[in-house]
Amino acid sequence: MSEHGAFMASLEVAPGIFQIQVPIPYPLKYVNCYLIKGEGTALVDCALDTQDTKGSLALPAGKEVLRAALLEHSLRFSDLDQLVITHHHPDHYGLAGILEAEGAKVSMLDVELEHGHRFWTEPEEHNAAGLAHLQLHGVPEETLAGLAGAMAKTRSCVHPAKAPVTLKDGDYTELAGMKFKVVWTPGHADGHAVFWREHDSVLLAGDQLLERVTPNIGLWAYSRPNPLEDYLASFKKVSALDASLALTGHYRPIENIRERIREIEAHHQERLASLEGLLKAGPATCWQLSLKLFPGNYNLAQRRFAWAETLAHLEYLVHQSQAKKEFAKNKFLYSL
Ligand SMILES: [Zn+2]
C-alpha cells in the first residue's frame, strides 16, 4: 500500500458511525466520509472520482478506497440506502452520481441544490461566469488560462446526482433509522449543512469547523454576497447546539467545539485587520491584495483559494463600511 495510505480500516467514531478516510489530491490529503449503520445504511459525503496515480503522491483511486472500506462491513455500493451531502465541493460530492446509479438515494439541503449541485450540472454557464468574476477582480490572463484547465480536470472527477432529494433547514431526517436535525450553516458553501443527532449530541459537521486548518471561506461567482458574515453567523447556530463531538470533513473529530470556534473566529478577525493594514497603501485589486495577504509559493489552485478568501474578507469589510469598492478600467478596486 502507498505511503499516502491506500487503505485504512474504518473507525467507529460514535455509536453506529464509522469514519472512512479517502485520499484526495489536495493539501488536506484525505476527506472523511461517514458510514452510518442502523436500520439500513447511510453514507455522509462520498469523496471524488480520482484515478490511480503513480509517483511521489501515489494516490489510489478514491472509488476503490471507498469500496474496500465498505467491504470491511460486508457492504457493496449497491447496499447503501442513502447518501447525504454536507456540501457540493468535489471532495464531498464527486462520487454521488455513481453511488446513486447503484441505488442510493442522494439528499442535500435545498439551498445546496440551487447553489452547489448546479455548479456541476451547468458547466458552461458556471465556467464563463467564474472566469469573468476572476478577471473583474484582477486575475491576470495567463493565470486565467491555467485555472480554466484545472477546473476542467476537477469537473472530470465529479459525477453529480441525477435526482437528488432536498432537505430543509430545521427539518429532522432519518439516516439509517437515526434521527438527525438538519442545520443550514452557510459560509464555506452557500448550502452547507450539518446534521445533529439529538440524543447523544453528535454533530456531522462537514467543513464547518476543522481541527488543524481553518476552512476556506471564499467568494465565488455563484456565492451569496457576504460569505464571511454568513459563516460567522453559522457559528452561532452551531454553538447553540452545544454538541459533544464534531465529526468533521477532514482531520480528526473535535470535542471542544466552542473553543475551536473561538479560535477560528479570532483567526478571521486577525485576517480582517491585516487586510485593513494592506488597504492603507491605496486602491488595489483583490488579486494584488491576495498576493500580499498570502505571500509565498502557492500552486495555481491554492492561489485561487487565496484570492477567493481575500475577496470574502474584502466584501465583509465593504458591507461593514470599513472599506470602499469602485469600478475603474474594467476592474474592481478596494481602498479604505
Ligand atoms: Zn472538504
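Leaving aside its neighbours within four places in sequence, which residues is Leu134 in contact with? The list is Val139, Leu144, Leu147 and Trp307. We'll come back to Leu134 after a word on the model.

## Confidence

This is a predicted model, so let's begin with how much the predictor trusts it. The average pLDDT of the protein is 94, and 96% of the residues score at least 70. Residues 1–6 are another matter: the pLDDT there is below 50, and beyond near neighbours in sequence this stretch has 17 contacts in the model.

## Leu134 and its surroundings

Leu134 sits in helix α5, which covers residues 123–136. With a relative accessible area of 7%, Leu134 counts as buried. Its contacts outside the local stretch of chain include Trp307.

Here's a separation to check in your viewer. Asp110 is 24 residues from Leu134 along the chain, and the C-alpha atoms of these two residues are 27 Å apart.

## Strand β11 and its partners

Strand β11 takes in residues 202–206, and 5 of its 5 residues are buried, so the rest of the structure largely encloses this strand. Look at it face by face: Val202, Leu204 and Gly206 are buried on one side, Leu203 and Ala205 on the other, which leaves both faces covered.

β11 has a partner in strand β10 (residues 193–197); the two run antiparallel and are joined by 3 bridges. In this pairing, Arg197 stands opposite Val202 of β11. The hairpin made by β10 and β11 has 4 residues between the strands, and Ser201 adopts a positive phi near 60° there.

Strand β12 (residues 245–248) also pairs with β11, this time in the parallel sense, through 4 bridges. Leu204 faces Leu247 of β12 in that pairing. Put helix α7 (residues 227–241) together with β11 and β12 and you get a right-handed β-α-β unit.

## The zinc site

What coordinates the zinc ion? The donors are NE2 of His92, OD of Asp207 and NE2 of His250, at 2.0 to 2.1 Å. Along the chain, the spacing of the donor residues reads H-x114-D-x42-H. Asp207 belongs to the loop between β11 and α7, while His250 belongs to the loop between β12 and α8 (257–279), so this pair ties together parts that lie 43 residues apart in sequence.

Are Asp207 and His250 buried or exposed? Both are buried.

## Pro227 in α7

The helix of the β-α-β unit, α7, also holds Pro227. Pro227 is buried, at a relative accessible area of 1%. Setting aside neighbours within four places in sequence, Pro227 has contacts with Gly187, Ile217, Gly218, Leu219 and Ala312. Ala312 is 85 residues away from Pro227 along the chain, yet the C-alpha atoms of the two are separated by 6.2 Å.

## Cysteines without disulfides

How many disulfides does the model have? The count is 0. For Cys33, which is in no disulfide, the nearest cysteine sulfur is that of Cys46, 6.5 Å away. Cys33 is buried, at 0% relative accessibility.

Why is Cys157 without a bond to Cys46? The closest cysteine sulfur to that of Cys157 is in Cys46, and at 12 Å the separation is too far for a bond; the cut-off for a disulfide is a pair of sulfur atoms within 2.5 Å. Cys157 is also buried, with a relative accessible area of 16%.

## Two serines with positive phi

If you like scanning backbone torsions, stop at Ser74: its phi is near 60°, a positive value in a residue other than glycine. You'll find Ser74 in the loop between α1 (62–71) and β5 (82–84). Ser74 is exposed, with a relative accessible area of 64%.

Ser321 is another one to look at, with a positive phi near 60° in a residue other than glycine. Ser321 lies in the loop that runs between α10 (300–319) and β13 (324–328). Its relative accessibility is 67%, so Ser321 counts as exposed.

Methods:
Residues numbered from 1 in each chain as written. Predicted model: local features only at pLDDT ≥ 70, side-chain atom pairs only at ≥ 80, totals over all residues. Heavy atoms only, no water. Buried < 20%, exposed > 50% of the residue type's maximum accessible area, 1.4 Å probe, protein only. Pairing = 2+ DSSP bridges. Right-handed = clockwise from strand over helix to strand, strands pointing away. Donors = N, O, S within 2.8 Å, 3.2 Å for Na, K, Ca; no water. pLDDT = per-residue confidence, 0-100. Contact = heavy atoms within 4.5 Å.
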